[in-house]
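Q: I'm new to this structure and would like a close look at one part of it. Please take it slowly, and tell me what sits against what.

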Amino acid sequence: RNGIGVYTQKLWNALVDTGAARPFVAAEDDGTKGQEPAPEVRRVYRRDEDYGDKVFDAVTAAGCQVVHFQYAPDLFGEDDRLPSLVARLDRASIRAVITLHTVYGARLWRPLLRRPTTRSFHRALSDHAQLIVHHAAGMESELLRQGISPRKISVIPHGTAVAEAAPVAR
């Protein structure tokens, strides 16, 4: 129940509406059970582990041809795990699309900090990803500054509704 969850639900609905093969979500195993959302959810990884094998095995067992990662540093880390997984998928001829919910790195509260590790991390992702998706022109210009090829970048607005501000009593 957050922006990434809303984005995932909208993407899932759009894929189902087009008649695409039924997608599933390889979500973090947070130990919770209960009513699952409409997408088939397979809780296969934990963010505090080396999750590459678990995600790769789930993707290949499901016969996926395309994998879409909704990346945020707190979900996948800003280390070698995700770039290694994306490279492994590429070698298996499975295309990866990565939506970056931030392009500024793991220090979310310092959004204009351009860390060298963030640049090299994004470049490593783009080396093997089919496409890097983000939500605004400002993010595109930052990715270009980081050395990402414009052929790999796509701007797609986030799609979550913006709530109208409540009227302020005067």
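A: Let's settle one word before anything else: two residues are in contact when they have heavy atoms within 4.5 Å of each other. Also keep in mind that this is a predicted model.

A good spot to zoom in on is L143, which you'll find in helix α6, residues 137-145. Is L143 buried or exposed? It's buried, because its relative accessible area is 0%, and the cut-off for buried is under 20%. So who are its partners? Skip the neighbours within four places in sequence, and L143 touches L100, V103, H122, I132, H134, I148 and I153. Take H122 from that list: along the chain, H122 and L143 are 21 residues apart, yet their C-alpha atoms are separated by 7.9 Å.

Now step back for a moment. The protein chain has 6 helices and 6 strands, and reading from the N terminus they go α-β-β-α-β-α-α-β-α-β-α-β. Of its 170 residues, 37% are buried. Take the contacts between residues at least 6 apart in sequence: 57% of them join residues at least 24 apart. As for the outside, the chain exposes about 10,200 Å², with carbon and sulfur atoms supplying 53% of that.

Burial also tells a neat story in helix α2, which covers residues 52-61. The buried residues there are G52, V55, F56, A58 and V59. They span an arc of only 165 degrees around the axis, so they lie on the same side of α2. Here's some handy background: an α-helix has 3.6 residues a turn, so residues three or four places apart point the same way. Right after α2 comes G63, with a positive phi of about 70 degrees.

What does α2 pack with? One partner is helix α4, residues 81-91: the two axes come within 10 Å and cross at roughly 30 degrees. Angles under 35 degrees count as roughly parallel, and α2 and α4 are therefore roughly parallel to each other. Their crossing is right-handed. On the α2 side, the contact is made by G52, D53, V55, F56, D57 and V59, while α4 brings L85, R88 and L89. You'll recognise some of those names: G52, V55, F56 and V59 are among the buried residues of α2, and they take part in this contact with α4.

Definitions and conventions: Residues numbered from 1 in each chain as written. Predicted model: local features only at pLDDT ≥ 70, side-chain atom pairs only at ≥ 80, totals over all residues. Heavy atoms only, no water. Buried < 20%, exposed > 50% of the residue type's maximum accessible area, 1.4 Å probe, protein only. Helix = DSSP H or I, 4+ residues; strand = E, 2+ residues; numbered from the N terminus. Arc of directions from axis to C-beta. Areas by Shrake-Rupley, 256 points an atom, 1.4 Å probe, with all protein chains shown as cover. Axes fitted to C-alpha atoms, helices over the stretch in contact; angles between N-to-C directions. Parallel < 35°, antiparallel > 145°, perpendicular 65-115°, else oblique. Left-handed = near helix turned anticlockwise from the far one by under 90°.
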